[in-house]
Amino acid sequence: MAKIKWRGGTLLSPVPPALVTCKDGERENVLTIAWTGIVNSDPPKTYISVRPTRYSHDIIKKSGVFAINLTTEELAKAADWCGVYTGAKVNKFERCKLSTEPANEIDCPVLSDSPLSLECRVTDVIPLGSHDMFLADIVAVDVNEDMVDETGKLHLERAKLVAYAHGDYYTLGKKLGKFGYSVQKKKKYKK
Ligand SMILES: Cc1cc2nc3c(=O)[nH]c(=O)nc-3n(C[C@H](O)[C@H](O)[C@H](O)COP(=O)(O)O)c2cc1C
């Protein structure tokens with residue numbers, strides 16, 4: 001297949017349409033962030049890239065904390081809505097009926113209906129051009145009890161997570177294998 005060459009662009013897909021919560025002294029807000037990812041394992045580090053014009057930008061810059069709440073099928077419409085309207089004009093928690101609870105390690109709400117939230121403390125703010133990158137330590141993870149089995153294993157497949165690809169939202173498709181499945185030896189069954 002012949003390839004068409006385009007100029008550089010932001011076409012990495014899929015990415016998570018995460019619901020990011022934030023709070024400073026008097027303001028609490030939630031916005032949708034697709035420019036996020038994991039950048040280090042130990043210590044666990046993440047980032048979110050936020051345009052300085054966003055209402056949340058100033059809140060996160062002042063407080064130095066935020067939470068990344070994973071988006072499920074049930075939260076998908078709220079994620080889209082929170083990515084269109086600004087908290088400067090409307091209380092998005094109320095409008096989207098998003099209930100919150102306090103995080104454990106940071107002074108910031110997490111979404112009660114998200115199965116997994118990453119509590120993040122900003123270590124660096126890196127201006128990149130259109131966006132500022134908030135590089136952060138993941139200081140705690142809050143996970144729903146029903147995602148964890150009796151052995152302590154996390155079952156994220158139960159969460160019905162949503163992916164975002166080139167402007168569209170999807171639920172995850174069928175499982176193809178697990179980490180290392182391409183090199184795993186087939187079990188030999190004894191007769
Ligand atoms: C799926 C999706 C992903 C988005 N990703 C980002 C992002 O990574 N960075 C950003 O600054 N804005 C992003 N936005 C836009 C903001 O969420 C949007 O401007 C929002 O209204 C800002 O809210 P605020 O003004 O209350 O902070 C995204 C929007 C959507 C719908």
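This tour goes from the ligand to the residues around it and then to the pocket that holds it. The model is predicted, so local features need pLDDT of at least 70 and side-chain atom pairs count only at pLDDT 80 or more, while totals for chains, interfaces and linings use all residues. Residues are numbered from 1 along each chain as its sequence is written, and side-chain values use heavy atoms, with hydrogens and water left out.

Select the ligand, and then the 22 residues that surround it (a heavy atom within 4 Å), of which N29, T32, S56, T86 and G87 are the closest.

Now show the polar contacts, which are pairs of N or O atoms within 3.5 Å. A backbone N or O atom of T32 lies 2.8 Å from a ligand oxygen, and an N or O atom in the T86 side chain is 2.7 Å from an oxygen atom of the ligand. At K92, a polar side-chain atom lies 2.9 Å from a ligand oxygen. Taken alone the ligand exposes 650 Å² (Shrake-Rupley method, 1.4 Å probe), and the protein buries 89% of that.

Next, colour β2 (28-33), a strand (a DSSP run of E, at least two residues), which gives the largest share of the shell around the ligand, 4 residues.

Finally, turn to the lining of the largest pocket, where the ligand sits. Among its 33 lining residues, T32, I33, A34, R54 and G83 are the closest to its centre. The largest share of this lining, 4 residues, again comes from β2.

Key:
A polar contact is a pair of N or O atoms within 3.5 Å; within protein, one must be able to donate a hydrogen and the other to accept it, and residues adjacent in sequence count only if both atoms are side-chain atoms. On a 1 Å grid over the protein atoms alone, a cavity is a set of points where a 1.4 Å probe fits but cannot get out, and a pocket is an open set with protein on both sides within 12 Å along at least five of seven lines; lining residues have an atom within 4 Å of a point. A molecule sits in a cavity or pocket if more than half of its atoms lie within 2 Å of its grid points.
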